Amino acid sequence: MEPLDRMEGQCLCGAVSIQTGRRDRLDVCHCGMCRRWGGGPMLAVHCGKDSQITGLEHVKVYISSDWAERGFCDTCGTHLFYKLKGSDEYVFTAGLFQQGADFVMGSQIFIDKKPEYYTFAEQTPVMTEAEVFEKYGPP
């Protein structure tokens, strides 16, 4: 049983596992890279630096832009995380956390890149591509 202040997750094959502080929020990214990477929007759990990854020998990293990288399991292909280069702050995919994951959708980014063929019922704060880069982009 997980402690109430921790979450545990793993990839499909179990070669990589994650332990991190409890989070109750997920955020959604509709950018083209996230949709291409996962077949749909990325349901992202911002876990910061409070994370431990076991099975690092199975984690492969793809440098997806000048500022970020994405990690996946080299055995089963499960998408694990998005991370800004030079940062220890992980953004894990929500599907890794099956037990006790009771997330609430907090926000959606790259809303202007979301295709028309899906819609979420939740009303959340949204940001366009330009707003994201203005607030979080490289200097």
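**Figure 1. His30, a buried loop residue.** With a relative accessibility of 0%, His30 counts as buried (under 20% relative accessible area; exposed is over 50% and partly exposed lies in between, with a 1.4 Å probe and protein chains only). The model is predicted: local features require pLDDT of at least 70, side-chain atom pairs count only at pLDDT 80 or more, and totals for chains, interfaces and linings use all residues. Residues are numbered from 1 along each chain as its sequence is written, and side-chain values use heavy atoms, with hydrogens and water left out. His30 belongs to the loop that links β3 to α1 (32-38); helices (H or I, at least four residues) and strands (E, at least two) are DSSP runs numbered from the N terminus. Leaving aside neighbours within four places in sequence, His30 is in contact with Arg35, Pro41, Gln108, Ile109, Phe110, Ile111, Lys113, Lys114, Tyr118 and Phe120, where contact means heavy atoms within 4.5 Å.

**Figure 2. Glu116, an exposed loop residue.** Glu116 is found in the loop between β10 (104-109) and β11. Its relative accessible area is 74%, so Glu116 is classed as exposed. Glu116 and Leu56 are 60 residues apart along the chain, and their C-alpha atoms are separated by 37 Å.

**Figure 3. The eight-stranded mixed sheet.** The strands of this open sheet follow the order β6-β7-β8-β9-β4-β3-β10-β11, and their pairing is mixed. Because β6 (59-63) and β11 (126-127) each have a single partner strand, they stand at the edges, with one side of each left without a neighbour in the sheet. Two strands are said to pair if DSSP finds at least two bridges between them. One of the antiparallel pairs is β4 with β9, joined by four bridges; within it, His46 stands opposite Val91 of β9.

**Figure 4. The hairpin of β8 and β9.** Strand β8 (residues 79-84) runs antiparallel to strand β9 (residues 90-93), and three bridges join them. Phe81 has Phe92 of β9 as its bridge partner, and Tyr82 is matched with Val91. Five residues lie between the two strands, and in this hairpin Gly86 adopts a positive phi near 75°. In a regular strand the side chains alternate between the two faces of the sheet. Strand β9 is covered on both faces: Tyr90 and Phe92 are buried on one side, Val91 and Thr93 on the other.

**Figure 5. The three-stranded antiparallel sheet.** A second view of strand pairing shows an open sheet in the order β1-β2-β5, with antiparallel pairing. Its edge strands, β1 (6-10) and β5 (51-54), each pair on one side only. From one strand to the next, the twist averages 15°; axes are lines fitted to C-alpha atoms, for helices over the stretch in contact, and angles run from 0 to 180 degrees between N-to-C directions. Four bridges hold β2 (residues 17-21) and β5 in antiparallel pairing, with Ile18 bridged to Ile53 of β5.

**Figure 6. The nonpolar cores, with Phe92.** The largest nonpolar core has 20 residues, and those with the most contacts inside it are Val16, Ile53 and Phe92. At least two residues of this core come from each of β3 (25-29), β4 (42-48), β8 and β9. A nonpolar core is a set of buried Ala, Val, Leu, Ile, Met, Phe, Trp, Tyr and Cys residues joined through side-chain atoms within 4.5 Å. Not counting residues up to four places away in sequence, Phe92 touches Ile18, Met42, Leu43, Ala44, Val45, Cys47, Ser51, Ile53, Leu80, Phe81 and Phe97. Another core, of eleven residues, lies apart from the largest one and includes Cys29, Met42, Val91 and Met127.

**Figure 7. The protein chain as the setting of these views.** Two helices and eleven strands make up the secondary structure of the protein chain, in the sequential pattern β-β-β-α-β-β-β-β-β-β-β-β-α. The C-alpha trace spans about 40 × 30 × 30 Å along its principal axes. A compact globule of 139 residues would have a radius of gyration near 14 Å, and the 15 Å of the protein chain agrees with this; the radius is taken over C-alpha atoms, and the globule rule is 2.2 Å times the number of residues to the power 0.38. Of the 139 residues, 41% count as buried. The exposed area is about 8400 Å², with 52% supplied by carbon and sulfur atoms; accessible areas come from the Shrake-Rupley method with a 1.4 Å probe, and for residues only the protein chains shown count as cover. Among contacts with a separation of 6 or more, 50% involve residues 24 or more positions apart.
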